[in-house]
Amino acid sequence: MQEYIEEHLGENITIGDLARCSLYSPWYSYRIFVRLLQMTPAAYIRKLRLSRSALRLRDDKVKILTVALDAGYESVDGYQRAFKREFGCNPYEYAVSPRPIYLFQPYGVKYKQHRKDGATMGEVKHVFIREVEKPERKAIIKRGKKAKGYWEYCEEVGCDVWGLLRSMKSISGEPVCLFLPPKYMVPGTSEYVQGVEVPMDYAGEIPAGFDVIELPACSYLMFQGEPFAEADYVEAIQQLSGAIERYHPEAAGYRWDTENPRIQLEPIGSRGYIELHAVRKI
């Protein structure tokens with residue numbers, strides 16, 4: 001049902017549509033949706049449409065009326081009321097001066113049923129490597145407590161942080177997960193953090209509970225695995241991590257730079273899993 005909603009988000013979606021794609025009765029489709037996602041299909045669709053519309057307002061020069069109609073609202077007034085209830089601000093104000101808001105993150109039920117700890121997969125066939133130059137920049141980060149990876153971080157901080165970070169414009173085009181060297185850590189906080197990279201002259205709003213660190217210009221090697229089935233994201237991460245452990249940067253004239261953060265991007269099956277490791281020329 002989640003996949004059907006994603007594919008038909010711009011259309012009128014009924015419980016009958018969800019029932020047909022799930023092969024359950026309308027009553028049971030509704031019931032199982034609410035039980036697994038803790039919200040009704042209508043609320044899920046509304047939150048997803050509003051979040052997508054917010055990104056359009058942030059990134060495109062588009063009329064509020066156009067965005068409202070595309071989001072399924074019959075009038076600007078109805079859209080404005082829904083937008084303000086969801087994000088606490090008027091859509092026009094947000095379009096003129098975007099600020100961090102908590103976008104809805106539609107995590108797939110089939111991916112969160114189990115963590116697949118200890119899962120294994122055959123060795124990755126291809127790893128694509130390229131050099132990336134990162135400029136001097138700031139990173140707006142949310143620290144955890146002891147987390148050294150994603151699952152611990154979610155348990156300490158929650159998973160809603162990613163939705164907030166997605167609402168903020170990043171110089172890299174998307175939020176990042178950072179594994180911080182000791183010099184960027186604060187006593188009693190985690191090595192693993194999530195954040196967004198912004199220019200050094202960033203003067204926008206800093207969300208409550210977030211810190212700002214300054215990162216120097218740095219060279220990275222970007223490692224990208226093959227595309228993978230979304231349900232196999234844990235194995236895809238393990239595959240690439242193993243390949244990186246076996247990689248010797250000296251062959252390319254580099255050595256690992258442990259003074260700069262390791263960067264992890266969101267695992268997206270269509271592009272493959274990606275990590276960036278800081279390096280210095282030998």
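Among contacts between residues at least 6 apart in sequence, 74% join residues at least 24 apart. That figure describes the chain of a predicted model.

**The chain as a whole**

The chain has 11 helices and nine strands. Its radius of gyration is 21 Å, close to the 19 Å that the globule rule gives for 282 residues, so the chain is as compact as a globular protein of that length. Along the principal axes, the C-alpha atoms fill a box of roughly 60 × 45 × 35 Å.

How much of the chain is buried? Of the 282 residues, 45% count as buried. The accessible surface comes to about 15,200 Å². Carbon and sulfur atoms hold 53% of that surface.

Charge comes next. The chain carries 38 positive and 38 negative charges. The mean positions of these two sets are 4 Å apart.

**Three buried serines**

Start with S167. This residue sits in the loop between α10 (161-166) and β3 (176-179). Is S167 buried or exposed? Its relative accessibility is 2%, and buried means under 20%, so S167 counts as buried. The side chain of S167 reaches the backbone oxygen of L164 at 2.6 Å. Beyond its neighbours within four places in sequence, S167 is in contact with R58, Y94, R99, P100, I101 and L103.

Move on to S190. Its place is the loop between β3 and β4 (192-198). S190 has a relative accessible area of 0%, so this serine is buried too. Which backbone atoms does its side chain meet? One is the backbone nitrogen of G144, at 2.8 Å. Another is the backbone oxygen of Y192, which lies 2.7 Å from a polar atom of the S190 side chain. Leaving out residues up to four places away in sequence, S190 touches R143, G144, K145, K146, A147, E156, L180 and M185.

The third serine is S29, in helix α3. S29 is buried, with a relative accessible area of 0%. What joins the side chains of S29 and S22? A polar contact of 2.9 Å does. S22 also appears in the list of residues that S29 touches, along with M1, L18, A19 and Y24, when residues up to four places away in sequence are not counted. P41 is 12 residues from S29 along the chain, and their C-alpha atoms are separated by 9.5 Å.

**A buried strand residue**

V196 is found in strand β4. At 1% relative accessibility, V196 counts as buried. Which residues does V196 touch, not counting those up to four places away in sequence? They are K138, A139, I140, L165, M168, K169 and S170. W151 is 45 residues from V196 in sequence. In space, the two are 19 Å apart, C-alpha to C-alpha.

**Exposed loop residues**

Now turn to the exposed side. The table collects residues that lie in loops.

| Residue | Loop | Relative accessible area |
|---|---|---|
| L23 | between α2 (15-22) and α3 (26-37) | 75%, exposed |
| Q38 | between α3 and α4 | 59%, exposed |
| K61 | between α4 (41-59) and α5 (64-70) | 90%, exposed |

Take K61. How far is its C-alpha atom from that of L48? The separation is 21 Å, for residues 13 apart along the chain. K61 has a relative accessible area of 90%, and exposed means over 50%, so K61 is exposed.

L23 and Q38 raise a point about the backbone. Most residues other than glycine have a negative phi. Phi of L23 is near 65 degrees, a positive value in a residue other than glycine. Q38 is not a glycine either, and its phi is positive, at about 60 degrees.

**Back to the sequence**

Try tracing a few of these residues in the structure above. Begin at S29 in helix α3 and look for its polar contact with S22. Then find Q38 in the loop between α3 and α4. Go on to K61, in the loop between α4 and α5. Further along, pick out S167 in the loop between α10 and β3, then S190 in the loop between β3 and β4. End at V196 in strand β4.

Methods. Residues numbered from 1 in each chain as written. Predicted model: local features only at pLDDT ≥ 70, side-chain atom pairs only at ≥ 80, totals over all residues. Heavy atoms only, no water. Helix = DSSP H or I, 4+ residues; strand = E, 2+ residues; numbered from the N terminus. Rg over C-alpha atoms; globule rule 2.2 N^0.38 Å. Buried < 20%, exposed > 50% of the residue type's maximum accessible area, 1.4 Å probe, protein only. Contact = heavy atoms within 4.5 Å. Areas by Shrake-Rupley, 256 points an atom, 1.4 Å probe, with all protein chains shown as cover. Lys, Arg positive; Asp, Glu negative; His and termini not counted. Charge placed at Lys NZ, Arg CZ, Asp CG, Glu CD. Polar contact = N/O pair within 3.5 Å; in protein donor to acceptor, adjacent residues only side chain to side chain.
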